[in-house]
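Let's take a walk through a protein model, strand by strand and then hollow by hollow. Keep the 3D view open as you read.

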Amino acid sequence: MDPATSPARYFAPDLFAGKTALVTGGRSGIGYAIAEALLRLGARVCICSRKPEPLAAAAAALREYGTCVQRPCDIRDSGEVEVLADFIADEFGQLDLLVNNAGGQFPGLAENLSDNGWNAVISTNLNGTFYVSRIMAKRFFLPQSGGNIVNIIVNMLRGFPGMAHTGAARAGVENLTKSLAQEWAHHNVRINCVAPGTILSSGLDTYAEPVRQLLDSMEEDNLMGRHGTVEEVAAAVLYLAGPMSSYTSGTTLYVDGMDHLHGDRMRLVRGART
Ligand code: ADE
């Protein structure tokens, strides 16, 4: 990423010196931008995702900015997440920040979602986030009496018609955030969510062309007249992960140009019906 556009330039260069971070789904898109920004500010970073080869390539590219290690892991399998925790303990001996960014969904009318499709999205976004949070908290944050979790969800305040499964899963993560923030407050662990709107990232490439066109067309509704950038999402993560937000936990920060307040939520559904 061009240093001129990196959100790291707004923060003290040693903000995360001596800190370690895990960014799930850190090999591309928003996760990659978060990992890069943390590295630029001095953190040592572990990224994970399912496929070893693209993960290794991303970690190699990220090493330009600092100490970055990678470990393939399917977050839907708590046994694999335990092995990931072993790996981080061996590599870093500590973990200070967890960014639960890994997730995924696909468009579809609710009546057409199969059991498998529904379960896959709930399993990755909700179960996976819980497994990684519980396992990293028990292994690192609670014994250390300190830690920070940032959950990347999505703007689903007014529902998510056209992707009901991800709306339900992300709403679950948002509520989980409120519970864990209270349960773990006395362990000095803060937990917050970042809720992006439509972000120009490689994540958009996973959708078929007609869906991409629909997502592009949502720009017209946005009160800022544009989609967001991965750097804008990463900047919000840096704020919540750092000491500037020390009295903030259990909250959601929207990075969506106000889409949670305003705009047509039914374009995907109308597109699927025609
Ligand atoms: N990214 C998307 N799905 C994932 C999964 N199940 N595990 C890790 N990273 C992912």
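Before we start, a quick word on names: helices (at least four residues) and strands (at least two) are DSSP runs, numbered from the N terminus. Also keep in mind that this is a predicted model.

**Strands side by side**

Start with strand E2, residues 44-48. Is E2 mostly covered or mostly open? Mostly covered: four of its five residues are buried. One neighbour is strand E1 (residues 20-24), which runs parallel to E2 and is joined to E2 by five bridges. If you want a spot to zoom in on, find Thr20, which sits opposite Arg44 in E2. To get from E1 to E2, the chain passes through helix H1 (residues 29-40), making a right-handed β-α-β crossover.

E2 also pairs with strand E3 (residues 68-70), again in the parallel sense, this time over three bridges. Here you can look for Ile47, whose bridge partner in E3 is Gln70. The trip from E2 to E3 goes by way of helix H2 (residues 52-62), and that β-α-β crossover is right-handed too.

**The greasy middle**

Now for the largest nonpolar core, which has 38 residues. Ile34, Leu38, Val45, Ile47 and Val194 have the most contacts inside this core. Several elements give two or more residues to the core, including E1, H1, E2, H2 and strand E4 (97-100). Which element gives the most? That's H7, with eight residues.

**Two hollows**

Next, some empty space. The structure holds one cavity of 30 Å³ or more. Here is how the largest cavity and the second largest pocket look on paper:

| Hollow | Volume | Nonpolar lining residues | Polar lining residues | Charged lining residues |
|---|---|---|---|---|
| Second largest pocket | about 360 Å³ | seven | eight | three |
| Largest cavity | about 40 Å³ | four | four | one |

The second largest pocket is lined by 18 residues, and Lys19, Gly147, Asn148, Arg190 and Ala241 lie nearest its centre. Strand E5 (147-152) and strand E6 (189-196) each supply at least two residues of that lining.

What about the largest cavity? Its lining includes Asn100, Ala102, Asn125, Thr129 and Arg170. At least two lining residues come from each of helix H4 (115-144), E5 and helix H5 (164-183). So E5 is a strand to revisit: E5 supplies lining to the second largest pocket and to the largest cavity, and E5 is also one of the elements giving two or more residues to the largest nonpolar core.

Conventions
Residues are numbered from 1 along each chain as its sequence is written. This is a predicted model: local features need pLDDT of at least 70, side-chain atom pairs count only at pLDDT 80 or more; totals for chains, interfaces and linings use all residues. Side-chain values use heavy atoms; hydrogens and water are left out. Buried means under 20% relative accessible area, exposed over 50%, partly exposed in between (1.4 Å probe, protein chains only). Two strands pair if DSSP finds at least two bridges between them. A crossover is right-handed if, with the strands pointing away from the viewer, the path from the first strand over the helix to the second runs clockwise. On a 1 Å grid over the protein atoms alone, a cavity is a set of points where a 1.4 Å probe fits but cannot get out, and a pocket is an open set with protein on both sides within 12 Å along at least five of seven lines; lining residues have an atom within 4 Å of a point. Grid points are joined across faces, edges and corners, and a volume is the space filled by probe spheres set on the points. Ala, Val, Leu, Ile, Met, Phe, Trp, Tyr, Cys and Pro count as nonpolar, Asp, Glu, Lys and Arg as charged, and the others, Gly among them, as polar. A nonpolar core is a set of buried Ala, Val, Leu, Ile, Met, Phe, Trp, Tyr and Cys residues joined through side-chain atoms within 4.5 Å.
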